[in-house]
Amino acid sequence: MTTSFGAANTALLKDPKLQIPSFLHGGHLRPSSNSLALTTTTRRHTRLLSSSSSSSHVIRAVSTPARPNTATETKRSKVEIIKEQSNYIRYPLNEELLTDAPNINEAATQVIKFHGSYQQYNRDDRGPRNYSFMLRTKNPCGKVSNRLYLTMDDLADQFGIGTLRLTTRQTFQLHGVLKKDLKTVMSTLIKNMGSTLGACGDLNRNVLAPAAPFTRKDYQFAQKTAENIAALLTPQSGFYYDVWVDGEQVMTAEPPEVVKARNDNSHGTNFPESAEPIYGTQFLPRKFKIAVTVPTDNSVDILTNDIGVVVVTDEEGEPQGFNIYVGGGMGRTHRLETTFPRLGEPLGFVPKEDILYAVKAIVVTQREHGRRDDRKYSRMKYLIDSWGIEKFRSVVEQYYGKKFESFRKLPEWEFKSYLGWHEQGDGSLFCGLHVDNGRIKGKMKTTLREIIEKYDLSVRLTPNQNIILCDIRNSWKRPITTALAQAGLLHPRYVDPLNLTAMACPAFPLCPLAITEAERGIPDILKRVRATFEKVGLKYSESVVIRITGCPNGCARPYMAELGLVGDGPNSYQIWLGGNPNQTSLARTFMNKVKLQDLEKVLEPLFYHWKRRRQSKESFGDFTTRMGFEKLQELVDKWEGPVLAPSRYNLKLFADKETYEAVDQLAKLQNKNAHQLAMEVIRTFVASQQNGKSE
């Protein structure tokens with residue numbers, strides 16, 4: 001596939017707004033500083049355009065394996081053509097922002113994603129669409145400076161809907177920004193240590209790492225590695241700053257190892273002399289997600305990422321290298337079985353000094369071989385599923401220049417929330433706060449700002465939509481705890497266990513992909529689940545991991561939940577079962593088209609039999625997997641309601657329900673309950689036996 005103008009572009013080029021002048025320089029298309037001319041450097045070669053001949057001459061640019069020549073150009077999706085003609089993600093967004101319309105055109109909506117924004121409209125409104133934009137920040141490791149937090153808080157009130165949304169990838173989402181305010185908001189973010197560059201679009205998204213600010217070597221090393229990977233894969237062509245701050249350069253100091261790894265082309269990974277040495281004009285086929293963590297800490301849902309990186313240390317805790325997983329991903333399409341969620345699988349081990357080169361090699365393999373014709377199949381998980389891990393590893397090794405070492409043995413994974421108070425390891429404390437569905441609003445928002453501003457705190461955002469206040473002195477703990485409690489931000493022991501692990505995507509009213517409710521619906525659903533727990537006799541301390549999304553794209557990672565609800569129609573959900581609390585098992589579809597009002601008909605028998613048939617300490621997800629879906633379906637189909645728990649009838653005293661009811665009627669005549677009356681009768685009988693009497 002090339003990036004030259006061809007037959008596949010014809011339909012799009014009929015739009016006069018998408019006509020792009022060409023400027024030939026030495027036989028190559030090169031961008032002019034005063035034009036929208038495009039480079040046509042391709043993934044592995046450059047095509048020369050000649051007015052005297054219709055033939056194409058191929059020049060080898062890098063020493064990667066050649067693909068077979070084909071008579072016809074490979075089919076490409078519409079988005080691929082838009083990217084090609086965008087002058088490195090500038091056009092037509094730069095023109096659309098200048099119009100008086102409240103929205104931007106279709107091509108610009110694709111381009112603005114790379115800038116970290118989606119165009120939306122309020123789907124609750126009737127009549128003309130009320131357009132606005134959602135902005136998503138880029139915060140590697142979830143790190144947010146004091147200055148940036150206060151800026152985000154201000155922007156939410158001045159230009160948004162008055163709330164901040166914490167995401168499942170450790171970032172903020174700011175909803176409701178009008179087109180006329182976009183440049184003001186973006187430039188303010190940039191000038192206050194923030195960025196939205198690459199938070200959306202076909203490139204590397206925010207890099208996850210454990211949010212806990214521990215001073216342990218392995219945690220510090222994981223977070224530093226995540227930051228370096230994020231820097232390595234940040235776009236270099238300047239389009240973001242050209243559009244939002246008129247080309248003003250924001251000076252940032254990159255570690256020399258990042259610059260060296262990015263520029264290295266010893267194994268044919270780069271586009272020589274391109275403004276985007278790793279991405280080229282086409283960037284990646286689809287979004288790309290990376291997480292870094294340490295052994296046992298699965299706060300990042302490590303297996304759901306395109307690349308999962310795990311720090312490996314020696315016996316003294318000194319980092320030695322990294323295990324690498326590849327091929328995870330959540331998104332799928334309803335009624336299309338060829339799309340599916342997938343867990344990452346082991347690729348191999350690399351020494352610590354090689355991690356940037358290994359990650360780059362994996363990204364380039366996806367860039368070169370990921371599908372660009374049908375975006376439903378463009379994630380790297382489908383490439384690995386098609387090739388198999390052995391072939392994938394072999395191709396990656398060509399770009400890496402080395403063989404991967406054997407995957408190191410790891411201990412069991414454990415989900416860590418980091419809620420409550422913890423020692424950082426440097427004498428300071430951090431406090432993890434549960435935020436229902438990541439929505440910071442009202443009194444909570446006001447109080448958080450006051451605390452963060454008063455004590456000059458930095459914060460961390462977690463992959464579970466929560467927030468951590470960092471660097472707290474011991475003397476501040478009591479006043480901060482009191483202020484948080486008054487705002488409803490309670491210690492986790494006072495929060496329903498169901499809420500602590502639950503997640504939902506925003507869905508209605510602003511997400512254009514939503515099929516049904518998620519964030520707005522989950523509070524009531526969790527209350528109904530708790531009521532069902534009580535009905536079948538489950539304890540308050542017991543919980544299951546529940547995640548809800550309004551569509552099958554999987555933003556809240558429902559396919560890893562013990563109980564996942566995935567919108568498949570108005571007030572209707574697919575039910576997914578089989579994930580586990582440690583996020584290491586993939587759920588499967590149990591039922592389709594379950595109406596919201598009928599959830600108890602499914603959940604009640606499942607929870608009832610889990611309580612009565614589970615093995616010691618067996619989680620709900622593991623129970624559903626062990627039982628098998630055929631048996632579970634049978635239990636649901638035959639369900640007629642729970643047999644009332646023995647304690648309800650005090651069957652320790654009564655042999656059957658009928659006796660209990662008879663005694664209960666007699667007890668009521670004496671203003672007693674059946675248990676009290678029965679105990680009096682028993683005591684009297686025992687006493688009489690001891691006295692040698694017969695009654």
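Select D218 and R216 to start: their side chains are joined by a polar contact of 2.6 Å. This is a predicted model, so keep that in mind as you click around. D218 sits in helix α7, which covers residues 217-232. Is D218 buried or exposed? With a relative accessibility of 12%, it counts as buried, because the cut-off for buried is under 20%. Now show what surrounds D218: beyond its neighbours within four places in sequence, it is in contact with V294, V311 and T313.

**The sheet next to α7**

Keep α7 on screen and add β10, β11, β12 and β13. These four strands make an open sheet in the order β10-β11-β12-β13, and the pairing is mixed. Look at the two edges: β10 (290-293) and β13 each have a single partner strand, so one side of each has no neighbour in the sheet. Going from one strand to the next, the twist averages 20°.

Zoom in on β10 and β11. The two run parallel and are joined by four bridges. To see one pairing, select V292 and look across to β11, where its bridge partner is V309. Then bring α7 back into view: the helix packs on the sheet and touches β10, β11 and β12. The direction of α7 makes about 160° with that of β10.

**Into the core**

Next, pick I307. Which residues does I307 contact, leaving aside those within four places in sequence? The list is F288, K289, I290, A291, I324, Y325, V359, I362, V363 and M380.

I307 also belongs to the largest nonpolar core, which has 111 residues. Colour Y149, I307, I324, I362, F392 and L448, the residues with the most contacts inside that core. Helix α10 (residues 355-369) gives the core its largest share, eight residues. Apart from this core there is another one of 41 residues, including F590, V594, L599 and L603.

**Helix α11**

M380 was on the contact list of I307, so select helix α11, residues 380-387. Its buried residues are M380, K381, Y382, L383 and I384. What do they pack against? Show β11 (307-313), β12 (319-326), β13 (345-351), α10 and α12 (389-400), and you have the answer. Before moving on, click G388, just after α11: this glycine takes a positive phi of about 90°.

**An enclosed strand, β15**

Now go to strand β15, residues 429-433. All five of its five residues are buried, so the strand is largely enclosed by the rest of the structure. Turn on the side chains and follow the directions: L429, C431 and L433 point one way, while F430 and G432 point the other way.

Add the strands that pair with β15:

- Strand β14 (residues 420-423) runs antiparallel to β15, with four bridges joining the two. Select W421 and you'll find its bridge partner in β15, C431.
- Strand β18 (residues 467-472) also runs antiparallel to β15, again with four bridges. Here the pair to select is G432 and its bridge partner in β18, I468.

While you are there, look at the hairpin of β14 and β15. It has five residues between the strands, and G425 in this hairpin takes a positive phi near 110°.

**Checking the cysteines**

How many disulfides are there? The count comes to zero. A disulfide, for anyone wondering, is a covalent bond between the sulfur atoms of two cysteines. Select C505 and C555 for an example: the sulfur of C555 is the nearest cysteine sulfur to C505, 6.0 Å away, and C505 is in no disulfide. C505 is buried, with a relative accessible area of 10%. Then try C141, which also counts as buried, at 0% relative accessibility.

**Last stop: Q119**

Finish in strand β5 (residues 117-121), where you'll find Q119. At 18% relative accessibility, Q119 counts as buried. Where does its side chain reach? Draw a distance to the backbone nitrogen of I104 and you get 2.8 Å. For the wider surroundings of Q119, show N103, I104, T109, Y131, S132 and F133, which it touches when residues up to four places away in sequence are not counted.

How values were computed:
Residues are numbered from 1 along each chain as its sequence is written. This is a predicted model: local features need pLDDT of at least 70, side-chain atom pairs count only at pLDDT 80 or more; totals for chains, interfaces and linings use all residues. Side-chain values use heavy atoms; hydrogens and water are left out. Buried means under 20% relative accessible area, exposed over 50%, partly exposed in between (1.4 Å probe, protein chains only). A polar contact is a pair of N or O atoms within 3.5 Å; within protein, one must be able to donate a hydrogen and the other to accept it, and residues adjacent in sequence count only if both atoms are side-chain atoms. Contact means heavy atoms within 4.5 Å. A nonpolar core is a set of buried Ala, Val, Leu, Ile, Met, Phe, Trp, Tyr and Cys residues joined through side-chain atoms within 4.5 Å. A disulfide is a pair of cysteine sulfur atoms within 2.5 Å. Two strands pair if DSSP finds at least two bridges between them. Axes are lines fitted to C-alpha atoms, for helices over the stretch in contact, and angles run from 0 to 180 degrees between N-to-C directions.
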